[in-house]
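Dear colleague,

I am passing on the structure we spoke of, which you will find just below. My notes on it follow, and I would be glad if you read them with the model open.

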Amino acid sequence: MREKILTYIEKNSKINLAELAISLGVDETAVLKELEEMENEHIICGYPTLINWDKAGIEKVTALIEVRVTPQRGMGFDKVAERIYNYPEVNSVYLISGGFDFMVTIEGKTLREVSQFVSEKLSPLDTVLSTKTNFILKKYKDHGTVMAAPAKDERIMML
Amino acid sequence: MRNPLSKTIVTIEPSGIRKFFDIVSEMEDAISLGVGEPDFDTPWHIRDEGIYSLEKGRTFYTSNAGLKELKIEISRFLERRYGLSYHYDDEILVTVGGSEAIDIAMRAMLDPGDEVLIPQPSYVSYLPCAILANGTPVVIELKEENNFRLTAEQLEAAITPKTKILVLPFPNNPTGAVMEEEDLKAIAEVILRHDLFVISDEIYSELTYLDHHVSIASLPEMRERTIVINGFSKSHAMTGWRLGYACGPKAIVEQMLKIHQFAIMCAPTTSQYAAVEALRNGDGDVQQMRDEYNGRRRYLMHRYREMGLECFEPFGAFYTFPCIREFGMTSDEFATELLKKKKVAVVPGTAFGASGEGFIRISYAYSMENLKLALGRIEEFITELREKAQEK
């Protein structure tokens with residue numbers, strides 16, 4: 001049942017619990033219990049909202065920063081990551097395979113704000129060898145959701 | 001001038017439901033629960049294969065019976081899903097949708113005067129196809145008290161010395177009824193005893209919400225007297241690609257192939273390449289869509305119970321078939337009034353045969369939001385009808 005619940009709420013965290021229970025053919029209290037347990041176990045880590053800031057007319061700048069680091073003795077990647085993700089400006093931090101170590105996303109109000117963060121906070125860290133900042137120009141799809149309005153239903157009545 | 005028309009074609013009535021559909025299409029803000037195709041887009045990897053085949057310039061005819069790779073995949077699919085075994089080389093024919101398969105199966109098997117048993121309510125093309133193939137359609141009226149399944153008694157009662165073919169349309173459009181293994185065994189006995197053939201239209205087989213779909217061709221001795229019809233429209237949300245198939249004993253399939261070869265040449269090449277991908281890597285997509293439909297199906301049944309609308313539980317396809325007899329209107333009147341007053345379009349049961357009287361077809365090939373909104377309006381509508389009835 002967990003997988004089914006997660007599949008539903010991953011697409012729509014606002015789903016009405018009574019309806020979710022009906023759709024799954026189970027009791028509402030059972031769904032509630034599972035959700036609570038998964039929150040406690042930190043399987044469900046939060047219920048953020050997907051916002052198209054462009055459409056809201058509110059300026060936001062997002063950058064994807066490739067970071068190369070030297071993990072130090074007694075201080076593996078996890079510790080370095082922690083140094084980075086503790087900054088509130090940082091949206092996400094992933095350890096990745098390939099030509100660099102971390103992919104860090106930063107969200108700021110202006111280009112300047114983001115570049116300042118990189119030059120003043122991120123780059124000066126002892127373990128950081130180099131950074132490469134890629135600004136996002138346009139978001140087409142995020143969290144499996146296409147940002148453009150969905151197409152109109154063009155199906156015709158047919159038996 | 002002489003009459004340019006054939007005597008046969010003029011006896012066939014155009015579908016009366018068209019008028020109703022025209023009203024719907026002109027109504028701007030109507031919510032429709034009337035369509036008979038999935039609301040999902042074809043999964044991207046399947047579309048991508050279609051596009052790729054065009055890029056590679058695969059724009060030629062395929063062999064008449066279809067691409068070898070596709071027939072092999074169909075053969076594997078039928079084996080893994082339903083335990084059916086058909087040889088790709090001479091027992092599988094790729095067609096332009098399931099509908100072509102229905103047509104050519106009848107044309108390959110009927111002689112003038114042969115009777116074709118057609119259980120109704122059911123899809124609208126069986127009857128005209130039988131007539132166009134010089135057969136004589138004989139309707140069996142399915143009953144709600146049997147959950148719209150075909151019983152051995154009903155079948156037995158309809159058989160005459162002229163009966164040749166039984167059409168078996170399960171999972172059923174419009175009722176959503178399925179035939180389980182026990183039901184099939186019961187009718188198989190009758191079919192064997194009377195030496196009948198079966199055209200089993202299993203286009204909705206992947207949308208079954210019980211354990212699994214059972215094909216009548218998988219029962220003992222039934223394979224050699226059954227044409228199984230299936231396709232990609234409903235299972236893989238590929239209606240517009242127009243791709244289906246027919247499987248059966250070589251002796252019948254090779255005759256069907258002649259008609260297909262002369263009338264159609266071959267099914268669309270692009271669609272065939274896309275379908276290969278659908279069968280190789282699409283089982284997960286089908287599962288996902290099935291789960292989604294099942295959730296909506298449960299939601300609709302729950303809402304019907306809440307509003308006291310009688311409806312037997314359907315276990316297949318994506319339709320529910322609630323009963324509207326309590327309102328003292330015909331299906332047609334009910335659907336027309338509902339459209340006029342609440343701008344919700346449903347299909348009157350009579351569009352699928354006279355035995356659909358007293359029922360409406362509500363499709364759940366729609367998003368939950370859409371369903372919720374429409375069901376709210378239907379609830380208002382029937383509450384008003386009940387209030388009016390009480391005032392009298």
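Please keep in mind that this is a predicted model. I begin with the surface of chain B, where Leu5(B), Ile9(B), Val10(B) and Leu132(B) make up a nonpolar patch whose accessible area comes to about 350 Å² together. One member of that patch, Leu5(B), lies in the segment that precedes helix H1 (7-11) of chain B, and Leu5(B) counts as exposed because its relative accessibility is 52%, where the cut-off for exposed is over 50%.

The other part of my notes concerns the contact of the two chains. The size of an interface is often given as the accessible area lost when the parts come together. Between chain B and chain A the buried area is about 1700 Å², and carbon and sulfur atoms give 59% of it. On the side of chain B, the residues that lose the most area to chain A are Phe21(B), Val35(B) and Arg298(B), which together account for 25% of what that side buries. In terms of residues, chain B brings 33 to the contact and chain A brings 14.

As for polar features, six residue pairs are in polar contact between chain B and chain A, both residues being at pLDDT 80 or more. Three salt bridges are found across this interface, including the one between Glu292(B) and Lys11(A), in which the closest N and O atoms are 3.9 Å apart.

Finally, the elements that give two or more residues to the side of chain B touching chain A are helix H2 (17-26), helix H11 (283-306) and helix H13 (368-391) of chain B, and H11(B) supplies the largest share, seven residues.

With best wishes

Notes. Residues numbered from 1 in each chain as written. Chains lettered and ligands numbered in written order. Predicted model: local features only at pLDDT ≥ 70, side-chain atom pairs only at ≥ 80, totals over all residues. Heavy atoms only, no water. Patch = residues over 30% accessible without salt bridge, like charges linked within 9 Å, V, L, I, M, F, W, Y side chains within 5 Å. Areas by Shrake-Rupley, 256 points an atom, 1.4 Å probe, with all protein chains shown as cover. Salt bridge = Lys/Arg side-chain N within 4 Å of Asp/Glu carboxyl O. Helix = DSSP H or I, 4+ residues; strand = E, 2+ residues; numbered from the N terminus. Buried < 20%, exposed > 50% of the residue type's maximum accessible area, 1.4 Å probe, protein only. Contact = heavy atoms within 4.5 Å. Buried area = accessible area lost by both parts, 1.4 Å probe. Polar contact = N/O pair within 3.5 Å; in protein donor to acceptor, adjacent residues only side chain to side chain.
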